[in-house]
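Q: Please take a close look at one pair of packed helices in this model, and explain how they lie against each other and what surrounds them.

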Amino acid sequence: MSRHILLDGPIQCLGGQHSPPKEVIRIINKYSKIKKDETMTKKEFKRLWNGLLTHFNARVIKKSDDELMEAIASFLDVLKIQNREAFLNNWAITLRHNIYLPFTVGDDSKITLEEQLIVLCHELTHVPQWDDPLFVLRYVSSTAHRAEEETEALIAGLEACHLLIGALPPLNEEAVKLKAYGCKKADIKVVEKALTMASIKIEKGGVSTEAGKVLRKLMLS
Ligand SMILES: [Zn+2]
C-alpha cells in the first residue's frame with residue numbers, strides 16, 4: 001500500500017561529487033529528448049507502464065470502479081491501519097496481482113506521468129510479497145513487519161524516482177508516511193535508516209529492487 005508521493009521536476013543531471021555511471025547518463029540523454037515531445041512522452045510512458053505490468057503479471061484497476069475497495073476501506077479503518085476516507089481518495093493498494101489506483105492511468109492533470117510510474121513501482125513490489133502465505137497475517141498483525149514490507153516498496157519508489165526525475169525526495173518524509181499505516185515511531189526510525197542506506201547506492205546509479213531493475217532495463221532499451 002502506498003500514498004502516492006507528490007514530486008515534480010524535469011530530468012536533471014545528478015548532483016554529488018561522483019560522476020554518474022554510463023547507464024544513468026544514457027537514460028538522462030534519452031529522456032531529455034523524449035520530454036521535449038508530448039506525444040512521445042505519452043507513448044514512452046505507456047511502454048514503460050505496460051512493460052512493468054507484464055513483467056510482474058499484474059493488472060491495474062481504478063479504485064472507484066470496484067466495490068471491493070469500500071469493504072477494504074472499512075476493514076483498514078477498523079484495524080486502525082488507515083482512515084477510511086483518506087484511503088478511498090488518496091491511496092493505492094495491491095491485492096495479489098491486482099493494483100488498485102486512485103487516479104486515471106495516463107491522465108497527467110492531477111499527478112504527473114513520472115509520479116504514476118513511481119507509484120506503480122512501489123505497488124509492484126507488493127505483488128511478489130503476496131506469494132508468501134503469511135504476508136497478510138504479518139502485515140496486519142505487526143507494525144514492525146508492516147514497516148519492513150513497506151520499506152522494500154519505498155526503496156523501489158526511490159529507485160524509480162531517481163531514474164525518472166534524477167533526484168530523491170527527503171528521506172525522513174518518505175519514512176514518516178508510515179505513520180499513516182499505523183506504524184510506530186521506533187518502526188519509522190528503522191525505516192529511515194534503511195532508506196538512508198539504500199539512497200547511497202541509488203545516488204550512485206544502483207538499483208536493488210525487482211521493480212527498479214525492470215524499469216531501468218526498459219528505460220535503457
Ligand atoms: Zn505499500
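A: In this predicted model, helix α7, which covers residues 143-165, packs against helix α10, which covers residues 210-220, with an angle of about 20 degrees and a distance of 8 Å between their axes. Because angles under 35 degrees count as roughly parallel, α7 and α10 are roughly parallel to each other, and the crossing that α7 makes as it passes α10 is right-handed. On the α7 side the contact is made by Ala-156, Glu-159, Ala-160 and Leu-163, while α10 brings Ala-211, Gly-212, Leu-215, Arg-216 and Met-219. Sorted by character, the residues of this contact comprise 6 nonpolar, 1 polar and 2 charged.

One of these residues, Ala-160, deserves a closer look. Setting aside its neighbours within four places in sequence, Ala-160 is in contact with Ala-211, Gly-212 and Leu-215, and also with Leu-117, Ile-118 and Cys-121. In soluble globular proteins, nonpolar side chains tend to be buried together. Here the largest nonpolar core has 49 residues, and those touching the most other members are Leu-52, Leu-117, Cys-121, Ala-160, Ala-211 and Leu-215. Helix α7 gives the most to this core, with 11 residues.

As for the setting of this pair, the secondary structure of the chain comprises 10 helices and 4 strands, and 36% of its 221 residues count as buried. Among contacts in the chain with a separation of 6 or more, 74% link residues that are 24 or more positions apart.

Note on methods:
Residues numbered from 1 in each chain as written. Predicted model: local features only at pLDDT ≥ 70, side-chain atom pairs only at ≥ 80, totals over all residues. Helix = DSSP H or I, 4+ residues; strand = E, 2+ residues; numbered from the N terminus. Buried ≥ 20, exposed ≤ 12 C-beta atoms within 10 Å, placed from the backbone. Contact = placed C-beta atoms within 7 Å. Axes fitted to C-alpha atoms, helices over the stretch in contact; angles between N-to-C directions. Parallel < 35°, antiparallel > 145°, perpendicular 65-115°, else oblique. Left-handed = near helix turned anticlockwise from the far one by under 90°. Nonpolar A, V, L, I, M, F, W, Y, C, P; charged D, E, K, R; others polar. Core = buried A, V, L, I, M, F, W, Y, C linked by C-beta atoms within 7 Å.
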